Each structure stands twice: as structure tokens, then as C-alpha cells.
Amino acid sequence: MLVLRCTKKLQTALKLKKTDLVDASVETSNFCSWHLNLIEIDGRPCLLVANDQTLFNFLIADVPQLDATQLIQLFKSYLHCVLAAEGFEQTFIQNLMTDFAEVRFANTNSRRVLGSLNELAFFYLCHLEDEGIHSPVCRKLSKN
């Protein structure tokens, strides 16, 4: 099961209600719990994503107005592409996507991860300020 732990700002944008969320303490395997935050870079909405355990992260730029189902599809699609670009084997990615058949939303539950998300947001903002969010630099930043 995939758990997407959304900040309040993202929950509001997705129009998620308390009844749409599972208990924040729900147990997941290592790569199945992610924190997501909606940030603005260069006046454009972006989704900053980080894995709870590894802090493996990526940025989705120019995020359109989404509902929860669309966000799930966008997340899975980007994660698949990012993992492939990082050299993960297709069998690993396919197995992960199979594990992600069931998706739940939850509140954030880790100050450590939220602090890292805030640092990452500042990092992306500073590095993309001059280049723009569609710069090739954006892809390289998640590797740092």
C-alpha cells in the first residue's frame, strides 16, 4: 500500500476531508510512504515529493489543479520516470507499482521529513530562481 502524506496546504488544494485520510501512524514498507508539499517557484505551483525513509526526492513543476485521483496518477507516473532515469531495474519499478495498487492519503507524521522538505524547497527555489523551473538544472538538483 502506498501512503501519500500531504501537508495541510496540499490537502486543501485537493479538497481532502478528514474522512479521506487514514491514521497517520499506519505502517508501510520502506519505499511506500512519501511526504508531499505544494510549493510555489517562480509563481508556478510545484509538488515537492520526498520518501520518508530515504529522503529520495523530486519536483513536479507546473502542477495543474488536481483532484486526489489525478494526483495519484501524476505521482506514480513521475516516480516511474525518475526511478528509470536513476537506473533502477524495470522489474523493481514494476513490483513497486504493483505494491502501489492501493493508495491512501494521510497527514504528515514526521518533523524530520517536514524539515527536510522545507530545506529542499529552499534549495530548489534558490537554484531555480535564475534558471526557471523547466531548466535542465532541475533534474540534476534532485541528485544532490
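Start at Gly87: just after helix α2, this glycine takes a positive phi of about 95°. Bear in mind that we're looking at a predicted model.

Step back from Gly87 into α2 itself, which covers residues 68-85. Its 18 residues reach 26 Å from the first C-alpha to the last, close to the 26 Å expected at 1.5 Å a residue. At the N-terminal end, Asp67 acts as the cap, with a side-chain oxygen 3.1 Å from the backbone nitrogen of Thr69. Quite a list of α2 residues is buried, including Leu71, Ile72, Phe75, Leu79 and Val82. Lys76 is on that buried list too.

Now for the sheet. It's an open one with six strands and mixed pairing, in the order β2-β6-β1-β3-β4-β5. The edges belong to β2 (21-22) and β5 (57-60); each has a single partner strand, so one side of each is left without a neighbour in the sheet. For β5, the pairing with β4 (residues 44-51) is antiparallel and runs over four bridges. One spot to look at there is Ala50, whose bridge partner in β5 is Asn57. Helix α4, residues 111-128, lies across this part of the sheet, over β3 (33-41), β4 and β5, and runs at about 35° to β3.

Zooming out, the chain has five helices and six strands, and along the sequence they follow the pattern β-α-β-β-β-β-α-α-β-α-α. Of its 144 residues, 47% count as buried. Among contacts with a separation of 6 or more, 63% come from residues 24 or more positions apart. As for the outside, the chain exposes about 8000 Å², with carbon and sulfur atoms supplying 51% of that.

Terms used
Residues are numbered from 1 along each chain as its sequence is written. This is a predicted model: local features need pLDDT of at least 70, side-chain atom pairs count only at pLDDT 80 or more; totals for chains, interfaces and linings use all residues. Side-chain values use heavy atoms; hydrogens and water are left out. Two strands pair if DSSP finds at least two bridges between them. Helices (H or I, at least four residues) and strands (E, at least two) are DSSP runs, numbered from the N terminus. Contact means heavy atoms within 4.5 Å. Axes are lines fitted to C-alpha atoms, for helices over the stretch in contact, and angles run from 0 to 180 degrees between N-to-C directions. The expected span of a helix is 1.5 Å times one less than its number of residues. Buried means under 20% relative accessible area, exposed over 50%, partly exposed in between (1.4 Å probe, protein chains only). A polar contact is a pair of N or O atoms within 3.5 Å; within protein, one must be able to donate a hydrogen and the other to accept it, and residues adjacent in sequence count only if both atoms are side-chain atoms. Accessible areas come from the Shrake-Rupley method with a 1.4 Å probe; for residues, only the protein chains shown count as cover.
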